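Visitor: I would like a close look at one part of this model, and then a walk outward from there. Could you take me through it step by step?

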Amino acid sequence: MKNAVIGNNKQKANLIVLGAVPRLLYLLQQETSSTELRTECAVVLGSLAMGTENNVKSLLDCHIIPALLQGLLSPDLKFIEACLRCLRTIFISPVTPEDLLYTDATVIPHLMALLSRSRYTQEYICQIFSHCCKGPDHQTILFNHGAVQNIAHLLVSTSYKVRMQALKCFSVLAFENPQVSMTLVNVSVDGELLPQIFVKMLQRDKPIEMQLTSAKCLTSMCRAGAIRTDDPCIVLKTLPCLVRMCSKDRLLEERVEGAETLAYLIETDVELQRMASISDHLIVMLADYFKYPSSVSAITDIKRLDHDLKHAHELRQAAFKLYASLGANDEDIRKKIIETENMMDRIVNGLSESSIKVRLAAVRCLHSLSRSVQQLRTSFQDHAVWKPLMKVLQNAPNEILVVASSTLCNLLLEFSPSKEPILESGAIELLCSLTQSENLALRVNGIWALMNMAFQAEQKIKSDILRGLSTEQLFQLLSDSDVNVLMKTLGLLRNLLSTRPHIDHIMSTHGKQIMQAVTLILEGEHNIEVKEQTLCILANIADGTTAKELIMTNDDILQKIKYYMSHSNAKLQLAAMFCISNLIWNEEEGSQERQDKLRDMGIVDILHKLSQSSDPNLCDK
């Protein structure tokens with residue numbers, strides 16, 4: 001059987017159909033079977049697992065994993081190795097759920113104990129760990145069972161395969177995990193600290209796979225805060241290594257991995273972004289990522305075309321991601337990116353790609369570039385970027401919606417020429433619906449974009465926003481548990497209530513509800529920023545001609561303004577005084593009555609006291 005199925009997928013499928021798997025598993029688990037027979041059974045099962053994904057599914061359906069894990073309790077090393085090899089093959093398959101490794105709590109400690117048995121147990125177990133470590137829960141289980149201590153010394157093994165699998169283990173254990181990363185920094189093997197070992201593995205004379213994986217380890221440790229971004233091992237070793245991986249003479253897979261890792265490394269650090277942008281013509285080099293599949297005329301290159309097609313999506317996604325990271329903070333870098341050949345067209349095309357990952361990366365890239373005032377006024381306008389963006393927002397999964405709506409916030413800033421056409425294409429309705437989302441980031445972005453839209457807008461737009469939101473929804477947002485949503489909603493109200501005619505118009509239709517909302521917030525348990533913003537809204541209302549009366553006839557609100565004038569926080573005192581000064585302008589009708597009422601409340605005494613304040617702003621005001 002073994003000889004019949006090696007390298008022959010058809011024969012593997014035939015054997016499975018004929019029911020060989022349950023029989024092999026039966027023999028493998030029989031105590032009466034000789035160790036040689038049980039080992040051969042594990043070898044054949046491993047060979048069947050090497051076939052198609054359907055083969056692996058058939059093996060899983062027969063409960064092969066518990067049988068093989070049971071086999072690991074045998075005293076015989078050859079049999080253990082055969083079981084591990086088969087397990088490794090099954091766990092590598094995308095159809096196998098990683099959690100199957102963690103269902104029985106005794107498995108991980110037993111695998112840790114087997115690590116010292118032979119170089120094969122080391123290689124296979126590390127490979128199983130690195131494939132089954134998905135997310136913080138798995139990382140914690142492996143970490144708590146001593147993965148770092150047990151695997152560290154394998155980095156200096158004489159076997160290249162063992163070194164490589166140990167390295168891969170660390171790259172998944174440390175990813176987005178501060179606890180593991182902080183531990184790794186201080187672990188030493190043969191008197192050398194792990195970061196130094198990783199740096200040695202980055203050198204150009206090492207195999208590419210090793211260079212890339214150790215760069216990933218150092219990147220994760222840096223992003224988790226265990227290594228500083230200005231540490232020489234990042235600036236002089238990791239970053240140049242990753243830039244090298246993006247060059248034309250690397251394989252497509254390596255270029256994808258290099259660009260994605262580099263994007264992650266520099267994502268939040270402006271110095272690293274500047275450094276990468278001037279390394280090895282990186283910005284121009286990335287433009288090459290969009291040239292696959294190249295038109296291949298010769299039929300002989302059909303295989304090559306297949307390969308290029310498969311990687312074309314991944315290459316574009318990686319390039320967009322890296323451009324997004326490069327342009328995150330620096331105006332000059334953004335300018336260079338946009339001036340790269342056909343860049344804006346590529347992004348616009350990326351927004352409508354079939355692959356969801358490419359769409360997401362293209363939107364991220366657009367978001368990064370939309371932080372530039374200059375580009376919003378030029379390239380974004382020339383390419384009418386808002387059109388495909390609005391199309392993306394109509395129906396997309398949440399992860400794309402979040403980035404796309406953040407980009408829209410930037411396109412709606414008052415100096416952006418796209419603001420008008422976006423409004424005309426029904427943006428208000430779309431944004432109001434986002435504010436009702438379960439997803440916090442979408443609620444924040446929806447209300448943020450409306451806030452930008454309302455800034456210095458004409459009255460019709462403001463009325464449309466209020467109509468679209470509905471009073472009920474406004475209250476919902478003002479009582480949102482998230483402080484960001486609350487602050488942006490207050491910002492929206494403040495922008496809606498600016499310029500006198502608008503203030504009077506809005507307060508004549510929504511005055512009662514808005515005053516209710518303001519009262520609620522001033523009475524609630526909120527931070528200084530929230531209260532300050534709310535008092536500024538009151539000051540805006542006090543600036544209206546007829547709207548003033550809503551404050552003057554509300555003794556509750558007047559008492560609150562008085563209370564905040566004597567508050568211990570200077571910002572709140574200043575904001576409360578703005579309210580007062582807007583109520584008492586001499587040249588406005590009815591000012592005398594307002595002044596008398598405020599005088600009776602004891603406001604003048606407070607002002608006398610504040611004019612003696614040690615804070616120059618308060619004293620001045």
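Visitor: Let me start with a single residue: is Asp190 buried or exposed?

Guide: Happy to take you there, and please keep in mind that this is a predicted model. Asp190 is exposed, because its relative accessible area is 69%. You will find Asp190 in the loop that joins strand 1 (188-189) to strand 2 (192-193). Its backbone deserves a look too: phi of Asp190 is near 50°, which is a positive value in a residue other than glycine. For context, most residues other than glycine have a negative phi.

Asp190 has a good companion in His281, whose phi is also positive and near 50°, again in a residue other than glycine. His281 belongs to the loop between helix 18 (270-277) and helix 19 (282-287). With a relative accessible area of 64%, His281 is exposed.

From these loops, let us move to a pair of helices. Two packed helices are described by the angle between their axes and the distance between the axes. Helix 16 (residues 232-245) packs against helix 17 (residues 252-266) at an angle of about 145°, and their axes are 7 Å apart. The crossing of helix 16 past helix 17 is left-handed. On the helix 16 side, the contact is made by Ile234, Thr238, Leu239, Leu242, Val243 and Met245. Helix 17 answers with Glu254, Arg255, Gly258, Thr261, Leu262, Leu265 and Ile266. Sorted by class, this contact of helix 16 with helix 17 has eight nonpolar residues, three polar and two charged.

Stay with helix 16 a moment longer, since Arg244 lies in it. Arg244 counts as buried because its relative accessibility is 18%, and the cut-off for buried is under 20%. Leaving aside neighbours within four places in sequence, Arg244 is in contact with Leu202, Arg204, Gln211 and Arg250. As a contrasting distance, take Lys57: the C-alpha atoms of Arg244 and Lys57 are separated by 39 Å, and the two residues are 187 residues apart along the chain.

Now for the rings. The structure holds five aromatic pairs. One of them joins Tyr120 and Tyr124, a stacked pair with 6.1 Å centre to centre and 25° between the planes. Both tyrosines sit in helix 9 (residues 119-132), and because they are four residues apart there, about one helical turn separates them. Their surroundings can be read from the accessibilities: Tyr120, at 34%, counts as partly exposed, whereas Tyr124, at 5%, counts as buried.

Another pair is formed by Phe175 and Tyr264, whose ring centres are 5.3 Å apart with the planes at 50°, so this pair is tilted. Phe175 lies in the loop between helix 12 (160-174) and helix 13 (178-185), while Tyr264 lies in helix 17, so the pair ties together parts that are 89 residues apart in sequence. That brings us back to helix 17, the partner of helix 16 in the packing described above. Phe175 counts as partly exposed at 38% relative accessibility, and Tyr264 is buried, with a relative accessible area of 15%.

Tyr120 has one more feature to show you. The charged end of Arg119 sits over the ring of Tyr120, 4.9 Å from the centre of that ring. A similar arrangement involves Trp448: the charged end of Lys488 sits over its ring, 4.3 Å from the centre.

Two further stops make a useful pair of contrasting surroundings. Asn3 has its place in helix 1 (residues 2-5) and counts as exposed, at 67% relative accessibility. Between Asn3 and Val44 the C-alpha to C-alpha distance is 9.0 Å, and the two are 41 residues apart in sequence.

Ala404, by contrast, counts as buried, at 0% relative accessibility. You will find Ala404 in helix 27 (residues 398-411). Not counting residues up to four places away in sequence, Ala404 touches Val363, Leu389, Val392 and Leu393. The C-alpha atoms of Ala404 and Ala362 are 9.7 Å apart in space, and these residues are 42 apart in sequence.

Methods. Residues numbered from 1 in each chain as written. Predicted model: local features only at pLDDT ≥ 70, side-chain atom pairs only at ≥ 80, totals over all residues. Heavy atoms only, no water. Axes fitted to C-alpha atoms, helices over the stretch in contact; angles between N-to-C directions. Helix = DSSP H or I, 4+ residues; strand = E, 2+ residues; numbered from the N terminus. Left-handed = near helix turned anticlockwise from the far one by under 90°. Contact = heavy atoms within 4.5 Å. Nonpolar A, V, L, I, M, F, W, Y, C, P; charged D, E, K, R; others polar. Phe/Tyr/Trp six-rings, centres within 6.5 Å; stacked < 30°, edge-to-face > 60°. Buried < 20%, exposed > 50% of the residue type's maximum accessible area, 1.4 Å probe, protein only. Lys NZ or Arg CZ within 6 Å of the ring centre and 35° of its normal.
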